[in-house]
Amino acid sequence: MLLITSASAWAEWNVASLMQQLARHPAGQARFTETKKLSVLDAPVVSSGRLIYSPPDRLEKITVQPKAESLTVERDQVVVVRDGRRREMRLQQVPEALAIVEGVRGTLLGNEAMLRQYYDLRLVGTEQDWRLALIPREERLARWVRQITVNGQRHVVSSIETLQADGDSSIMRIEAEK
């Protein structure tokens, strides 16, 4: 009987199941450490700070180290504050950036339809340890980003890895604040 129950639970774990789990717990704050590997630099760039997500469409990335800066996305508006300068732009002006932001927001919201607008989805693993690959559907986006991989356990996202088409990459490790 236990074997049948375990097999049944395994068979039910899919993208829809993951999205349901994520949708139940969308808001939150976390600490992050991000490592970027850029072909123009000899060593990776490491930064850290806080992430804040307020559904359905506000993301904040507040970097503390190595230097203070913030990135806020709300609806279609992006605000970057760095070195005392404030820059604003609309995501519609940069469709590739829009697709990446929607990939993150769609995952955090558990919104499969939003994700499928831009990506093919491939889920591997179990509910306790899963990996969701977002592979661009359109050539225009694929020229900029090769794949976004989101890792997690149950409803918690633990890392987001972005592999750009030019070979540059970043991995953001996320730890929930207690």
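This is a walk through a few parts of the structure above, from a helix to its strands and the charged pairs between them. Keep in mind that the model is predicted.

Let's start with helix H2, which covers residues 15–23. What caps its N-terminal end? The job falls to asparagine 14, with a side-chain oxygen 3.1 Å from the backbone nitrogen of alanine 16. Now look along the helix for residues tucked away from the surface. The buried ones are Val15, Ser17, Leu18, Met19, Gln21 and Leu22. There's a handy idea to keep in mind while you look at that list. An α-helix has 3.6 residues a turn, so residues three or four places apart point the same way. Try turning the helix on screen with that in mind.

Next, find strands E3 and E4. E3 takes in residues 58–65 and E4 takes in residues 69–74. These two strands pair in the antiparallel sense, with 6 bridges, and a hairpin of 3 residues joins E3 to E4. If you want one spot to check the pairing, look at leucine 59, which stands opposite valine 73 in E4.

Follow the chain onward and you meet another hairpin, this one formed by E4 and E5 with 2 residues between them. In that turn sits arginine 75, with a positive phi of about 55°. E4 and E5 also run antiparallel, joined by 6 bridges. Here, glutamate 74 has glutamine 77 in E5 as its bridge partner.

This stretch is also a good place to look at charged side chains. Side chains of opposite charge can pair when their charged atoms come close. How many salt bridges does the model have? The count comes to 12, and we'll visit three of them.

The first stop is between arginine 58 and glutamate 74, whose closest N and O atoms are 2.5 Å apart. Arginine 58 lies in E3 and glutamate 74 in E4, so this salt bridge ties together parts that are 16 residues apart in sequence. Arginine 58 counts as partly exposed because its relative accessible area is 25%, and glutamate 74 is also partly exposed, at 28% relative accessibility. The pair doesn't stand alone, either: Arg58, Glu60, Glu74 and Arg75 are linked in a network of salt bridges. So you've now met arginine 75 both in the turn of a hairpin and in this network.

For the next stop, look at arginine 90 and aspartate 76, whose side chains meet in a salt bridge at 2.9 Å, N to O. Arginine 90 lies in strand E6 (residues 85–90), while aspartate 76 lies in the loop between E4 and strand E5 (77–82), so the pair ties together parts 14 residues apart in sequence. Is each partner buried or partly exposed? Arginine 90 has 44% relative accessibility, so it counts as partly exposed. Aspartate 76 counts as buried, because its relative accessibility is 14% and the cut-off for buried is under 20%.

The last stop takes us across a longer piece of sequence. Glutamate 175 and arginine 31 form a salt bridge through their side chains, 2.4 Å from N to O. Which elements hold these two residues? Glutamate 175 is in strand E11 (residues 169–176) and arginine 31 is in strand E1 (residues 28–37), so the pair links distant parts of the chain, 144 residues apart. Both partners are partly exposed: glutamate 175 at 43% relative accessibility, and arginine 31 at 38%.

Finally, head for strands E7, E8 and E9. E7 (residues 119–126) and E8 run antiparallel and are joined by 8 bridges, and the two form a hairpin with 2 residues between them. Glycine 125 has tryptophan 130 in E8 as its bridge partner. E8 is joined to strand E9 (residues 145–153) as well, by 5 bridges, again running antiparallel. There, arginine 131 stands opposite asparagine 151 in E9. Why can we call E8 largely enclosed by the rest of the structure? Because 6 of its 8 residues are buried.

One more thing before you leave this area: the model has 1 aromatic pair. Tyrosine 118 and tyrosine 119 form it, with ring centres 6.3 Å apart and 55° between the planes, which makes it tilted. Tyrosine 118 counts as buried at 18% relative accessibility, and tyrosine 119 is buried too, at 0%.

Technical notes
Residues numbered from 1 in each chain as written. Predicted model: local features only at pLDDT ≥ 70, side-chain atom pairs only at ≥ 80, totals over all residues. Heavy atoms only, no water. Buried < 20%, exposed > 50% of the residue type's maximum accessible area, 1.4 Å probe, protein only. Helix = DSSP H or I, 4+ residues; strand = E, 2+ residues; numbered from the N terminus. Polar contact = N/O pair within 3.5 Å; in protein donor to acceptor, adjacent residues only side chain to side chain. Phe/Tyr/Trp six-rings, centres within 6.5 Å; stacked < 30°, edge-to-face > 60°. Salt bridge = Lys/Arg side-chain N within 4 Å of Asp/Glu carboxyl O. Pairing = 2+ DSSP bridges.
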